[in-house]
Amino acid sequence: DGYGDKPGGTNPDGCPLNAGTSTTDRLGCQDPDGDGWSTADGLWTTANGADGCPTVVGTSTMDQNGCPDGDGDGYSDSGDTFPSDSSEWYDTDSDSIGDNADACPTDAGTSTIDQIGCPDGDSDGYSDLGDAFPADASEWSDSDSDNVGDNSDDCPTNSGTSTVDLIGCPDGDS
């Protein structure tokens with residue numbers, strides 16, 4: 001097969017008793033799909049780097065060597081949660097937002113505005129951690145810290161306690 005049988009020589013044959021064409025993980029071992037990765041045998045397994053899909057040509061290198069990788073991210077299609085998105089491959093919290101984009105990859109969530117993929121109990125788009133009113137879907141910020149949400153506050157930049165004619169505005173005489 002063109003590879004030397006001496007283990008310490010130049011380009012030593014990884015399988016000196018068998019002819020083969022592998023070139024990536026071992027030289028000169030059986031490679032039935034022709035993708036460069038050798039087929040596993042009694043001494044060389046997929047854990048050592050053998051082809052994870054020995055009968056199908058593939059380019060994956062991250063989770064399994066030599067398996068189909070349609071999006072080119074290095075993860076095999078069978079081990080990639082997002083096989084058509086090269087920027088994502090895992091979704092630890094199973095919220096359909098990949099770990100690379102998910103601000104809370106271990107806590108499932110639906111937030112989309114301040115943080116992506118974090119818990120959002122009131123479903124207003126803001127994460128519970130970034131929401132001044134995590135249980136009120138109509139409010140999420142309180143710019144003047146008067147406990148009246150900006151959407152309801154008639155004076156959102158001036159803290160106040162008014163409740164009759166205007167809500168949340170300064171009320172000098174209470």
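Trainee: Which residues do ring pairs link into a cluster?

Mentor: Ring pairs join Tyr75, Trp89 and Tyr90 into a cluster. Before we go on, a word on the model: it is predicted, local features need pLDDT of at least 70, side-chain atom pairs count only at pLDDT 80 or more, and totals for chains, interfaces and linings use all residues. Residues are numbered from 1 along each chain as its sequence is written, and side-chain values use heavy atoms, with hydrogens and water left out.

Trainee: How should I read a ring pair, and how many aromatic pairs are there?

Mentor: A pair of aromatic rings is described by the distance of the centres and the angle of the planes. Rings of Phe, Tyr and Trp (its six-membered ring) pair if their centres lie within 6.5 Å; planes under 30 degrees apart count as stacked, over 60 as edge-to-face and the rest as tilted. That rule gives three aromatic pairs here. Tyr75 and Tyr90 make an edge-to-face pair, because their ring centres are 5.5 Å apart and their planes stand at 70°. Tyr126 and Trp140 are stacked, because their centres are 5.1 Å apart and their planes meet at 15°.

Trainee: Is Tyr75 buried or exposed?

Mentor: Here are the cut-offs: buried means under 20% relative accessible area, exposed over 50%, and partly exposed in between (1.4 Å probe, protein chains only). Tyr75 is buried at 9%, while Tyr90 is partly exposed at 41%. In the stacked pair, Tyr126 is buried at 18% and Trp140 is partly exposed at 25%.

Trainee: What about the backbone: which sign does phi have at Asn11?

Mentor: Most residues other than glycine have a negative phi, and most peptide bonds are trans. Asn11 has a positive phi of about 50° without being a glycine, and Asn11 is partly exposed at 46% relative accessibility. Ser123, also not a glycine, has a positive phi of about 55°; Ser123 is exposed at 59%.

Trainee: And how many disulfides are there?

Mentor: A disulfide is a covalent bond between the sulfur atoms of two cysteines. Taking a pair of cysteine sulfur atoms within 2.5 Å as a disulfide, we get four. Among them is the link of Cys15 and Cys29, with sulfur atoms 2.0 Å apart and a right-handed 100° about the S-S bond. Another joins Cys104 and Cys118; its torsion is about 85°, so this disulfide is right-handed.

Trainee: What pattern do the disulfides follow?

Mentor: With bonded cysteines counted along the chain, the pattern is 1-2, 3-4, 5-6, 7-8.
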